[in-house]
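Grab a pencil and work through a few exercises on the structure below. Each one starts with a task, and a worked solution follows.

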Amino acid sequence: MFIAFNKPFGVLSQFTDKGTDGSPRKTLSDFIDVPGVYPAGRLDRDSEGLLLLTDDGRLQSRIADPRHKTEKTYLAQVEGLPEPDALEAFRKGLDLKDGLTRPAKVTQVEPPEGLWDRDPPVRYRKTVPDCWLEVGLREGKNRQVRRMTAAIGHPTLRLIRIRIGDWSLNDLAPGTWREVAR
């Protein structure tokens, strides 16, 4: 089985919560009741969008392992308006605490049409503009898009993964899933 899921904000990319604070957090089991499937990669709790799940361990590895260089595409709402030289640095690779990132694709885009509301909403500040970037990566460092946008001086306000390789989020509503072709 192969599933595309639109992970909502605040949901863990795992089926059980092993948190230490005692308060229950939402997990994949709150949305998906299919035995034997596991996420092919992760998406941070505070990120949204496409998460693929499968019962095929080799497919799971091919999608998640950075050695296979499966491109992942994100929409990032960032604080401020990046200058062209900041975006060029992003494209060439940035030096983060855990090393140099591979070159990434980045383009400033119009705000996405038909985007669902987020709960809680993104903070809005009258004096600070924001914009949307489409980012394509072929590696998967921890919180990489967020750290890269911060490194160019434009912190991420909202992050939505819209594509993994050939699979896209399309019109899948938050919290819903569908079986897709491998």
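**Exercise 1.** Which kind of link do the side chains of Asp-46 and Arg-146 meet in?

Start with the ground rules. This is a predicted model, where local features need pLDDT of at least 70 and side-chain atom pairs count only at pLDDT 80 or more, while totals for chains, interfaces and linings use all residues. Residues are numbered from 1 along each chain as its sequence is written, and side-chain values use heavy atoms, with hydrogens and water left out.

Now the link itself: Asp-46 and Arg-146 form a salt bridge, at 3.8 Å from N to O. The rule asks for a side-chain nitrogen of Lys or Arg within 4 Å of a carboxyl oxygen of Asp or Glu.

**Exercise 2.** Describe how domain 1 and domain 2 meet.

Step one, find the parts. Domain 1 covers 1-68 + 166-181 and domain 2 covers 71-164; such bounds come from an automatic or database domain assignment.

Step two, look at the spacing and the contact. The two centres, taken over C-alpha atoms, are 21 Å apart. Domain 1 puts 19 residues into the contact and domain 2 puts in 20, with contact meaning heavy atoms within 4.5 Å.

Step three, check the interface. About 1600 Å² is buried between the domains, 45% of it on carbon and sulfur atoms (buried area is the accessible area, with a 1.4 Å probe, that two parts lose on being put together, summed over both). The rule also finds four salt bridges across this interface.

**Exercise 3.** Work out why the largest pocket lies between the domains, and what lines it.

First, the terms. On a 1 Å grid over the protein atoms alone, a pocket is an open set of points with protein on both sides within 12 Å along at least five of seven lines, a cavity is a set where a 1.4 Å probe fits but cannot get out, and lining residues have an atom within 4 Å of a point. Points are joined across faces, edges and corners, and a volume is the space filled by probe spheres set on them.

Next, the space and the lining. The largest pocket holds about 390 Å³. Its lining has 20 residues, with Arg-42, Tyr-74, Gly-140, Lys-141 and Arg-161 nearest the centre. Strand S4 (72-79), helix H3 (144-151) and strand S9 (156-164) each supply at least two lining residues; helices (H or I, at least four residues) and strands (E, at least two) are DSSP runs numbered from the N terminus.

Finally, the reason: both domains give residues to the lining, so the pocket lies between them.

**Exercise 4.** What is known about the second largest pocket and the largest cavity?

Take the pocket first. The second largest pocket has about 240 Å³ of space. Its lining counts 14 residues, and Leu-75, Pro-112, Glu-113, Ile-162 and Asn-170 are closest to the centre. S9 gives the largest share, three residues. Here too both domains contribute, so this pocket lies between them.

Then the cavity. There is one cavity of 30 Å³ or more, and the largest cavity has about 70 Å³ of space. Its lining residues include Glu-79, Arg-123, Tyr-124 and Leu-157.

**Exercise 5.** Where do Pro-120 and Lys-69 sit?

Pro-120 is in the loop between strand S7 (105-109) and strand S8 (130-137). A cis peptide bond joins Asp-119 to Pro-120, with omega about 5 degrees.

Lys-69 belongs to the loop between helix H1 (57-64) and S4. Though not a glycine, Lys-69 has a positive phi of about 55 degrees.
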